[in-house]
Amino acid sequence: MSTAWLAVVGGAYALVLVAATWHARRTTRSAEDYMLAGSSLGVLVGALTFGATLFSTFTLMGMPDFFRTHGVVAWIFLGVTDAAIAVVILWYAVPLRRRAARLGFQGLAGLLVEAYGTRAAGRLYFAGIFLFLIPYVAVQVRGIGILLGAAYPGTLPDWGWSLAIVVTLLVYSEIGGLKAIVYSDALQGLVLLFATWVVAYGCVAHFGGVAALFESVARTEPALLSAPGPHGLFTFQFLLASMLAILVLPITQPQLATRLVIMRDARSARGMAVTVGVFSMLVILPTLAIGLYGAVEHAGASTADFLAAVLIAEQAPAVAATVAVGLVAAAMSTADSQLFALGGELRSLMRGDERAVMRRTRVAIVLFAAAAFAFAVVSSDQLVLLARVSFAGTAILAPLVLFAVLDERGPPRRVIPLTALALAAFLATLAGLLPEVIAGVRADLLIFAVLALPCAATAMTRRYAATPAGA
Amino acid sequence: MTETETDTRVAAATRLWHACLAAAIALVAVSISPWTLAPGALTPTLLGLPRALWVGFVVAGALLVVVVLGAWAQARRERAGAS
């Protein structure tokens, strides 16, 4: 595979990235500017940064392989769920922004401390996101490293690609702050969109049209066209648990919640919700075509071989280079936001001299990146399923966050130990100390239910108690 | 605009917003209903697409319509002065 085109496209991309970082640094005047991008995002930039943060290599690499392996019901797993996320954004942005304006906002952890009146809430939240975001950053960095290592042999080893990505995103994040990340996200979102559609068009054209593509899939493996898929993955329980975990991402994951807070005004936030919904469909739809193409043409191939072939080797050199840059962009746009958000959350828990806090925050971001890189060296290649574990883990934090945002009279502190217990149970499941299925119900679904029931009962009781007699 | 007219507009926008939320929940429920997820069921097809896929497309498209309507309802509530 030609590295000349990679140098050209990658060089052009790097130039734009440098310009965006320079512009961000020039217009950043305070610590608030640095951490919260001036809190004035418009609709398009807001939607692109939210979309690019939401969609990672998990989308461009994971989803085609998911469609190839498990079939078309993967559309419900992600396409329907991401359309529904737009509704969640619309519902959640108003109370979150109102609460942030009232309590002040440096990060969700800090907001939880203010709302619950105890640092335990913020610390528990931070521990939860640290546990589940670092591995998610790591699998993306590793995935890209493996793919680029296979596609461009003799350039850099797998870990070298991973290290280059981590160093690059650290440089522009540390120099330009959240504004640089937002600008680069917008650029990365557009590259991601372009790359997926170019590859998908080639995949459909290969068969002569959409109908012919589906006929070929039906001949090759008809089980791909219905539930539960060839491997029986898409059961009602799997889809329900996945939807719950993914739908609460804007609530639980700090890099997404922060983007709702830093929109210019409520109108921009609404426009962002609509645009994110459309962007989601535009990004996921082409991965369906790429995956079904792979189901026919690369049925027996390993994940890495399939992706290296369909995304790089079978493309014209210029397209292959654009896709490679798109993959790097996808990985960086999510990883930078997550690492920076972890830094922001830590900052929101710190007190003292602002300059000392910022210095510690910047050092912490580098340490988080180092932890993610170290984890990347030992993590698995199952991008989608590992991402899903990350989503499920952070989803357990949803009641803790929702009470803090929605219950303006002061949320009940008993939610904190309940959440800690649920997190411990989920970790025990991952470690194999608890079974994955209990009495016929998936353990993650059961943990959500066991956590949600007392929380819902508490919310209803408090609402009832707050209602005036006779109302 | 009188206070009564404002209240009426806020109430109508609030009803539409709640209807949007209910519709979103119903649509998601349809997408994971036993009919959509019936094992091995390919028919009825729509434009050559198998059942689970076209239902998923229709639900996703309808959710986008719900988002647009919901955003409009929220804007009306805001303009009418609802908190």
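Which residues does A:Leu311 touch, not counting residues up to four places away in sequence? I began my notes with this question, working from a predicted model.

**Entry 1: the core**

I listed the contacts of A:Leu311 and found A:Leu60, A:Met61 and A:Leu147. The list continues with A:Val199, A:Ala320, A:Val323 and A:Leu327. Residues up to four places away from A:Leu311 in sequence were left out of this list.

I then looked up the setting of A:Leu311. The largest nonpolar core holds 193 residues, and A:Leu311 and B:Leu63 are the members that touch the most others in it. I noted that one of these two residues belongs to chain A and the other to chain B.

**Entry 2: chain A**

I turned next to the secondary structure of chain A, which has 20 helices and two strands. Chain A has a radius of gyration of 22 Å, and the globule rule gives 23 Å for 471 residues, so chain A is as compact as a globular protein of that length. I recorded the box filled by its C-alpha atoms as roughly 70 × 55 × 40 Å along the principal axes.

I looked up burial and found that 59% of the 471 residues of chain A count as buried. For contacts with a separation of 6 or more in chain A, I noted that 83% join residues 24 or more positions apart.

The exposed area of chain A is about 17000 Å², of which carbon and sulfur atoms supply 67%. I also checked the charges: chain A carries 30 positive and 23 negative ones, and their mean positions are 13 Å apart.

**Entry 3: chain B**

How many helices and strands does chain B have? I found two helices and zero strands.

I then compared chain B with the globule rule. A compact globule of 83 residues would have a radius of gyration near 12 Å, whereas chain B has 18 Å. The C-alpha atoms of chain B fill a box of roughly 60 × 20 × 15 Å along the principal axes.

I recorded that buried residues make up 45% of the 83 residues in chain B. Among the contacts in chain B with a separation of 6 or more, residues 24 or more positions apart account for 59%.

Chain B exposes about 4500 Å², and 68% of that area comes from carbon and sulfur atoms. Last, I looked up the charged side chains of chain B, which number 6 positive and 4 negative. The centres of these two sets lie 15 Å apart.

Terms used. Residues are numbered from 1 along each chain as its sequence is written. Chains are lettered from A and ligands numbered from 1 in the order in which they are written. This is a predicted model: local features need pLDDT of at least 70, side-chain atom pairs count only at pLDDT 80 or more; totals for chains, interfaces and linings use all residues. Side-chain values use heavy atoms; hydrogens and water are left out. A nonpolar core is a set of buried Ala, Val, Leu, Ile, Met, Phe, Trp, Tyr and Cys residues joined through side-chain atoms within 4.5 Å. Buried means under 20% relative accessible area, exposed over 50%, partly exposed in between (1.4 Å probe, protein chains only). Contact means heavy atoms within 4.5 Å. Helices (H or I, at least four residues) and strands (E, at least two) are DSSP runs, numbered from the N terminus. The radius of gyration is taken over C-alpha atoms; the globule rule is 2.2 Å times the number of residues to the power 0.38. Accessible areas come from the Shrake-Rupley method with a 1.4 Å probe; for residues, only the protein chains shown count as cover. Lys and Arg count as positive and Asp and Glu as negative; His and the chain ends are not counted. The place of a charge is taken as NZ of Lys, CZ of Arg, CG of Asp or CD of Glu.
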